[in-house]
Structures are given as structure tokens and as C-alpha cells.
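Q: Please take a close look at one part of this structure, its strands and their surroundings, for a reader who has not met it before. A connected account would be welcome.

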Amino acid sequence: MPQITLHQNGQVIQQEVNANSNLVVLAGIKKFPHLKYGCGMGKCTKCTIKVLSGAQGLPEPNWKEQKMLGERLNDGFRLACQLYISEDLVITQDF
Ligand code: FES
């Protein structure tokens, strides 16, 4: 099971999630209750995360991430609501 490490508000929250979990739905919401998110549909960018480690295990950005994040994708930013996670990941919303 992938292990997710979230750095947020100076705290570190570490949880295992089922493979192919999305952090803003179902198990993700329960395990990361303070993760900031909004629409869940790639439209608001409230769920923006910065990937600190594990980016290579993520799928390529989809068209919603490309449209909403643009150049920020090159700096490691992703939309959590658009990610189904299958490998360990270290992320932050402190930026
Ligand atoms: S929750 Fe709105 S873009 Fe992800």
C-alpha cells in the first residue's frame, strides 16, 4: 500500500492508503481531514499540492491540471483531486 506523507501547517501526517486512492475522496478524506480541497473536479485549484518526493510514480498531468496549473507543473505542483496514487508520495500544502 502506498504511504503518503503530508507536510501541512508545520505538521507531518503519514498514512497508508489503498493503491489507486484519490486523496480528496473516500479514504483520502478520512485519512487526511485537513487537506485543502474544493470542487474535486479539477476546476478550483484549492487542492493544489507540491510533490516533494515520489513524482515519478504519478501519472502524467491530465488536461485539467495542464489548464489550471500551467507552468507550475514544472515546479512540482499537482492537483490532488486529479491523482490516483499507487506509489509512496511526499507532498505539502505549505507554500
Ligand atoms: S478540488 Fe478543485 S481542483 Fe481539485
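A: Two strands are taken to pair if DSSP finds at least two bridges between them. The model described here is a predicted one.

The account may begin with the hairpin of β1 and β2. Two residues lie between these strands, and Asn 9 there has a positive phi near 55°. The strands β1 and β2 run antiparallel and are joined by six bridges. Within β2, Ile 13 is the residue that stands opposite Leu 6.

This hairpin belongs to a wider arrangement. An open sheet is formed by five strands in the order β2-β1-β5-β3-β4, with mixed pairing. At its edges are β2 and β4, the latter spanning residues 77-79, and each of these strands pairs on one side only. From one strand to the next, the twist averages 35°. In general, the strands of a sheet pair through backbone hydrogen bonds, in either a parallel or an antiparallel sense.

The edge strand β2 lies largely in the open, because the number of buried residues among its six is zero. At the other edge, β4 pairs with β3 in the antiparallel sense, over three bridges. One residue pair illustrates this: Lys 50 has Phe 77, in β4, as its bridge partner.

Attention may now turn to the nonpolar core. In soluble globular proteins, nonpolar side chains tend to be buried together. The largest nonpolar core of this model has 17 residues, and those with the most contacts inside it are Val 24, Leu 35, Tyr 37, Cys 47, Ala 80 and Cys 81. Two or more residues are given to this core by β1 (3-8) and by β5 (89-92). Ala 80 shows how such contacts are made: leaving aside residues up to four places away in sequence, Ala 80 touches Leu 23, Val 24, Leu 35, Tyr 37, Cys 47 and Ile 49.

The loops complete the picture. Between β2 (11-16) and α1 (27-31) runs a loop that contains Asn 20. The phi of Asn 20 is near 65°, a positive value in a residue other than glycine. Asn 20 is exposed, because 10 other C-beta atoms lie within 10 Å, and a residue counts as exposed at 12 or fewer. The loop between α1 and β3 (48-53) holds Thr 45, a residue other than glycine whose phi is also positive, near 65°. With 17 other C-beta atoms within 10 Å, Thr 45 is partly exposed.

Technical notes: Residues are numbered from 1 along each chain as its sequence is written. This is a predicted model: local features need pLDDT of at least 70, side-chain atom pairs count only at pLDDT 80 or more; totals for chains, interfaces and linings use all residues. Helices (H or I, at least four residues) and strands (E, at least two) are DSSP runs, numbered from the N terminus. A residue is buried if 20 or more other C-beta atoms lie within 10 Å of its own, exposed if 12 or fewer, and partly exposed in between; C-beta atoms are placed from the backbone. Axes are lines fitted to C-alpha atoms, for helices over the stretch in contact, and angles run from 0 to 180 degrees between N-to-C directions. A nonpolar core is a set of buried Ala, Val, Leu, Ile, Met, Phe, Trp, Tyr and Cys residues joined through C-beta atoms within 7 Å. Two residues are in contact if their C-beta atoms, placed from the backbone, lie within 7 Å.
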